[in-house]
Amino acid sequence: MEPSDLDDPITDSATLADFCAELARHPYICVDTEFIRDKTYWPQLCLIQLSAPNGDDPDAGPVACVDALAEGLDLQPVYDLLADPKLLKVFHAARQDLEIFYIRMGSVPAPIFDTQVAAMVCGYGDQVGYEALVRKICKAELDKSSRFTDWAARPLEPKQLRYARADVTHLRRIYQSLSDQLERNARTDWLSEEMAILSSAETYRNEPEEAWRRLKARNAKPRMLAVLKEIAAWREREAQNRDVPRSRILRDDSLMDIAASAPRDTKAMRRIRGLPNGFAEGKFGQALLDAVERGVELPHEERPVPPKSEPLPPGLQPLVDLLKVLLKANAAEAGVASRLVANAEELERIAADDGADVPALKGWRRKLFGEQALALKHGRIALTAGPEGVELIEREQS
């Protein structure tokens, strides 16, 4: 049986090496994964789906599922494919898949093409799903009944494998359609900026010292943030080392209560609500007290600075509302998702500062929206309602 004809999942290293050698001869491959992480800190990779086109025909070509849990299976040929700088890797909503491979490979697969981001550039809406693209571009329907299946259970059923394979077979036509559209509209560079972010290792690093930033510490003082930084880092390391969800070590609300009260001994720790019985007296309790002490003793100049959340200057909110209208109108006319051009925070910063350091005032976004946003702000153009929607009119300057 030829590698490209495999219907059963690949479970042995020799077959996988042959299949990856076949894929390496193609201009691009499509990649997807199935994983679970509800009981672990690190995602558990269960299945890797791979496909490639047959020449110019995106509806045919090699495709297979790789059983990542198969005993003794060497996944290095897959990692070599993903690291090949000459081979384009196509994903849909790539971030979680890329995180998994970054953890296992120590590097991010590159070069990549994310069809979800490309679809936003091509006007299919914000964060359009794979199923919607299959329907719109491939004129097909997906059987999603296996979406919430247990991918770690073995053996995998034929229905599960059909579902998994469909995630990379239709992806070939979706990629070629979106790629062609980007070329026609001269928007390939627009996508490149987004792919650079997805391809950066910084996007996937979970540094324990930065874990506190994920928590909502409103109105926190530097001392509380210093304690929060230390105890959140402690929890992150414990979760990583034990490979369990953060909440299995300590819940967020308990972490915030500890940061606020900064208990210095076991008796004070016992007063924290939500802690399991015996927690304060156990090894976790002492380790947590040590982390609290490190936070309390952190020098003032090294304590985290509370994030600024200053309100808009008086009178600017109506301008922000106008910028939102302009953004929607320009994005609709250009056929691009408005979310990809600017978000609400960026609009507020533009309203407050002509030189705001935001993507909307740089590159293609500035040409599409930023220059007109500044013109609107300074009264050089105005918005009016026309027969086909919002229209821009130039104002005479005195």
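This note goes through a predicted model of one protein chain, point by point.

1. Overall build. The protein chain has 398 residues, and 48% of them count as buried. Its secondary structure comprises 16 helices and seven strands. The C-alpha trace spans about 75 × 70 × 35 Å along its principal axes. If contacts between residues at least 6 apart in sequence are taken, 61% of them join residues at least 24 apart.

2. The largest nonpolar core. In soluble globular proteins, nonpolar side chains tend to be buried together. In this model the largest nonpolar core holds 91 residues. The members that touch the most other members are I48, L50, F113, I350 and F369. I48 can serve as an example to look up in the structure. Once its neighbours within four places in sequence are set aside, I48 is in contact with V31, D32, A64, C65, V66, L75, V78 and F101.

3. A second core. Another core, of 33 residues, lies apart from the largest one. Its members include Y41, A220, V227 and I249.

4. Aromatic pairs. The count of aromatic pairs is eight. A pair of aromatic rings is described by the distance of the centres and the angle of the planes. Why is the pair of Y28 and Y175 called tilted? The planes of these two rings stand at 55°, and the class between stacked and edge-to-face runs from 30 to 60 degrees, so the pair is tilted. The ring centres of Y28 and Y175 are 4.5 Å apart. This pair links distant parts of the chain, with Y28 in strand 1 (residues 28-36) and Y175 in helix 6 (residues 158-184), 147 residues apart. Y28 and Y175 are both buried. Ring pairs also bring in F113, so that Y28, F113 and Y175 make up a cluster. F113 has already appeared above, among the residues of the largest core that touch the most other members.

5. A stacked pair. W151 and Y163 form an aromatic pair with 5.8 Å from centre to centre and 25° between the planes, and this pair is stacked. W151 sits in the loop between helix 5 (130-138) and helix 6, while Y163 is in helix 6, 12 residues apart from W151. Both residues of this pair are buried.

6. Salt bridges. The model has 24 salt bridges by count. One of them joins R294 and E230, at 3.2 Å from N to O. It links distant parts of the chain: R294 belongs to helix 12 (residues 283-296) and E230 to helix 8 (residues 222-242), and the two are 64 residues apart. Are the two partners buried or exposed? E230 is buried because its relative accessible area is 18%, which is under 20%. R294 has 39% relative accessibility and therefore counts as partly exposed.

7. Two further salt bridges. R251 and D253 meet through their side chains at 3.0 Å, N to O. Both count as partly exposed, R251 at 41% and D253 at 38% relative accessibility. Salt bridges that share partners also join E131, R135, E141 and R147 into one network. Within this network, E141 and R135 have their closest N and O atoms 3.3 Å apart. E141 is exposed, with a relative accessible area of 57%, whereas R135 is partly exposed at 38%.

8. A buried arginine without a salt bridge. R172 is found in helix 6. R172 is buried and has no salt bridge. Which side chain of opposite charge is nearest to R172? It is D59, at 6.1 Å, and a salt bridge requires atoms within 4 Å, so the two do not form one. A polar atom of the R172 side chain does lie 2.9 Å from the backbone oxygen of P58. Leaving out its neighbours within four places in sequence, R172 has contacts that include Y28, C30, S51, P58, D59 and P62. Y28 is thus a contact of R172 as well as a member of the ring cluster.

9. An exposed arginine. R218 lies in the loop between helix 7 (188-198) and helix 8. R218 counts as exposed because its relative accessibility is 66%, which is over 50%. Its C-alpha is 26 Å in space from that of P318, and the two residues are 100 apart in sequence.

Notes: Residues are numbered from 1 along each chain as its sequence is written. This is a predicted model: local features need pLDDT of at least 70, side-chain atom pairs count only at pLDDT 80 or more; totals for chains, interfaces and linings use all residues. Side-chain values use heavy atoms; hydrogens and water are left out. Buried means under 20% relative accessible area, exposed over 50%, partly exposed in between (1.4 Å probe, protein chains only). Helices (H or I, at least four residues) and strands (E, at least two) are DSSP runs, numbered from the N terminus. Rings of Phe, Tyr and Trp (its six-membered ring) pair if their centres lie within 6.5 Å; planes under 30 degrees apart count as stacked, over 60 as edge-to-face and the rest as tilted. Lys and Arg count as positive and Asp and Glu as negative; His and the chain ends are not counted. A polar contact is a pair of N or O atoms within 3.5 Å; within protein, one must be able to donate a hydrogen and the other to accept it, and residues adjacent in sequence count only if both atoms are side-chain atoms. Contact means heavy atoms within 4.5 Å. A nonpolar core is a set of buried Ala, Val, Leu, Ile, Met, Phe, Trp, Tyr and Cys residues joined through side-chain atoms within 4.5 Å.
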